[in-house]
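Have the model open in your viewer, and let's take a walk through it. We'll begin with one chain, cross over to its partner, and finish with some backbone oddities.

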Amino acid sequence: MAGPVRGLAAGAVFVLLWQALVTLADIPPFILPGPVRVVEALWSNLGLIGWHAGITLTEVLAGLALGAGLGAATAIVLAVSPAARYLVRPALVATQSLPVFALAPILTLWMGYGIWSKVVMTVLIIYFPVASAFFDGLMRTPPGWLDLGRTMGATPARLLWRIQVPAAIPSLASGLRLAAVYAPIGAVIGEWVGASGGLGYLMLLANGRVKTDLMFAALLVLAALALLLHRGVGWACDRLEARLD
Amino acid sequence: MTPAPGITLVGGASFGAAPLFPPVHLEIDAGSWSCLLGPSGCGKTTILRLIAGLETGVDFDGQVRASDGRPIAGRVAYMAQTDLLLPWLDVLGNVTLGARLRGQVPETEAATELVARLGLAAHAHKRPGQLSGGQRQRVALARTLMEDRPIVLLDEPFSALDARTRAEMQDLAAETLEGRTVLLVTHDPGEAARLGDRVFLMGAKGMVEAVPPALPAIRPAADPETLAFQGRLLAALREPA
């Protein structure tokens, strides 16, 4: 109960400060509209914003699912195969020195203005944190558990599945929590570079037409989506860890 | 359980150029308790791991043989200083871990009986986090017994327990592991004096055997001969290397 109350209180303080800033500094609405104007814009464009939010949400969820799946699979392959560790791991780390955002125009060029260039962008952003966190967890299984499993006659596959993977779930969960924060960034960057829909696209469009209130309304919805996603993934991770712990 | 074999380990071990222990000759009798006593870092755990077929990270020059000439791998149950319970499995899940790891159907009924025999019936569905240190080590013993292996390797399994729980666990282990070939690695002279049918002392110079009292193990801790033997073991441990 304390959490939501605190959240509401913080939100109320934020809205008050926002309104005070607009009123006291006499900021024109095309630079910073007040909270009331933004809510009005949100209300009168609910269908439009909802439609674009649906696109962004689809991109984020698809990217999150694919990126988490690929990242987890990579971690397992690396954990199982010393050859893969030797060959792939340096390459994996090297790719992280490249700002993934720089790839957005190329992705748009290759995959067009539809959702797939954004899904791939999201996958690229979250793949590494998930793979890296899960891999670390898989490699840090307490050695005693593995010794015990070996004396019991476990095959490497069963050691992995029954001991290493469950033991690494908390690490995977921290990777996924990070991924939930990064995923909307990937999708919105992709939309800014070139899109025919989505909240990032809508914000650019509104900006170009000086519909600043609509831009802020879209931003508000984006923030709400990101927060919900963060909470949702956090909740799922908590459930997963509680089952294990 | 198949008949318990004796085990012979002959050889020395080193880390590259640095010797860990000089060539030793360890004879573990079939179906009885042998205690390997020594200070930390003398290589006694390495000897246990060599017998268990586990990774040791040392160069071992020698061999490990079972008296019946068959391989030791697959006939060993292992119990360590920490209970090694998996926190995400309940007591029964941990006791039947071996079957799961071998892809067999866990014998839940047998495991339930065993858990009850070790006084854990009320805890069968609890996770390790809800148990005390002594209870957890009982679960580890149940898991070891569930494996039903003729050779049991114990690496200081009671050293983290308080004196009373330790004595209880020693009694319980002696009773339940009867008839198996047991190697107990320990740094506690009292434990070796109580439990060892044979006692081997390990130090930097190598391994020597200390002859325990005629009274069969498990000996009462207050038995004068056992206490005197414990004193001799401690004195031998304290001799400068």
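A residue is called buried here when its relative accessible area is under 20%, exposed when it is over 50%, and partly exposed in between. Keep in mind as you look around that this is a predicted model. By that cut-off, 42% of the 245 residues of chain A count as buried.

Let's stay with chain A for a moment. Its secondary structure is quick to describe: ten helices and zero strands, so reading from the N terminus you just get α-α-α-α-α-α-α-α-α-α. Lined up on the principal axes, the C-alpha atoms of chain A fill a box of roughly 75 × 50 × 30 Å. If you take the contacts between residues at least 6 apart in sequence, 73% of them join residues at least 24 apart. As for the surface, chain A exposes about 13200 Å², with carbon and sulfur atoms supplying 72% of that area. The charge tally for chain A is 15 positive and 10 negative side chains, and the centres of these two sets sit 9 Å apart.

Now bring chain B into view. Where do chain A and chain B meet, and how many residues are in contact? On the chain B side there are 20 residues, and they are in contact with 21 residues of chain A. The area buried between the two chains is about 1800 Å², and carbon and sulfur atoms give 65% of it. In chain B, the residues that lose the most area to chain A are Leu84(B), Trp88(B) and Leu101(B), which together make up 38% of what that side buries.

What about charges across this interface? The count between chain B and chain A is one salt bridge. You'll find Asp147(A) paired with Arg49(B), with the closest N and O atoms 2.8 Å apart.

Over all chains, the count comes to 17 salt bridges. Side chains of opposite charge can pair when their charged atoms come close. One example inside chain A is the salt bridge between Asp238(A) and Arg177(A), where the closest N and O atoms are 2.7 Å apart. This pair links distant parts of the chain: Asp238(A) is in helix α10 (residues 212-244) and Arg177(A) is in helix α8 (residues 156-193), 61 residues apart. Are these two partners buried or exposed? Neither label fits: Asp238(A) is partly exposed, because its relative accessible area is 44%, and Arg177(A) is partly exposed too, because its value is 25%.

Over in chain B, try Asp68(B) and Arg70(B). They form a salt bridge with the closest N and O atoms 4.0 Å apart, which puts the pair right at the limit, because the rule asks for a side-chain nitrogen within 4 Å of a carboxyl oxygen. Asp68(B) is partly exposed at 35% relative accessible area, and Arg70(B) counts as partly exposed at 42%. Glu147(B) and Arg149(B) form another salt bridge, with the closest N and O atoms 3.3 Å apart. Here Glu147(B) is buried, and so is Arg149(B). Some salt bridges also share partners, and in this way Asp147(A), Arg150(A) and Arg49(B) are joined into one network.

Next, zoom in on Leu50(B), which is found in helix α1 (residues 44-52) of chain B. Leu50(B) counts as buried because its relative accessible area is 16%. Leaving out residues up to four places away in sequence, Leu50(B) touches Leu9(B), Phe21(B), Thr56(B), Phe60(B) and Val64(B). Measuring sticks aside, Leu50(B) and Thr2(B) are 48 residues apart in sequence and 22 Å apart in space, C-alpha to C-alpha.

Finally, the backbone. Which peptide bond is cis? Look at the one from Ala217(B) to Ile218(B), with omega near 5°. Ile218(B) lies in the loop between β9 (206-210) and α8 (224-238) of chain B.

Two residues have a positive phi although neither is a glycine. Val210(A), with phi of about 55°, is in the loop between α9 (199-208) and α10 of chain A, and counts as exposed because its relative accessibility is 52%. Asp148(B) has phi of about 50° and lies in the loop between α5 (133-147) and β6 (151-155) of chain B. Asp148(B) counts as partly exposed because its relative accessibility is 35%.

Conventions
Residues are numbered from 1 along each chain as its sequence is written. Chains are lettered from A and ligands numbered from 1 in the order in which they are written. This is a predicted model: local features need pLDDT of at least 70, side-chain atom pairs count only at pLDDT 80 or more; totals for chains, interfaces and linings use all residues. Side-chain values use heavy atoms; hydrogens and water are left out. Helices (H or I, at least four residues) and strands (E, at least two) are DSSP runs, numbered from the N terminus. Buried means under 20% relative accessible area, exposed over 50%, partly exposed in between (1.4 Å probe, protein chains only). Contact means heavy atoms within 4.5 Å. Accessible areas come from the Shrake-Rupley method with a 1.4 Å probe; for residues, only the protein chains shown count as cover. Lys and Arg count as positive and Asp and Glu as negative; His and the chain ends are not counted. The place of a charge is taken as NZ of Lys, CZ of Arg, CG of Asp or CD of Glu. Buried area is the accessible area (1.4 Å probe) that two parts lose on being put together, summed over both.
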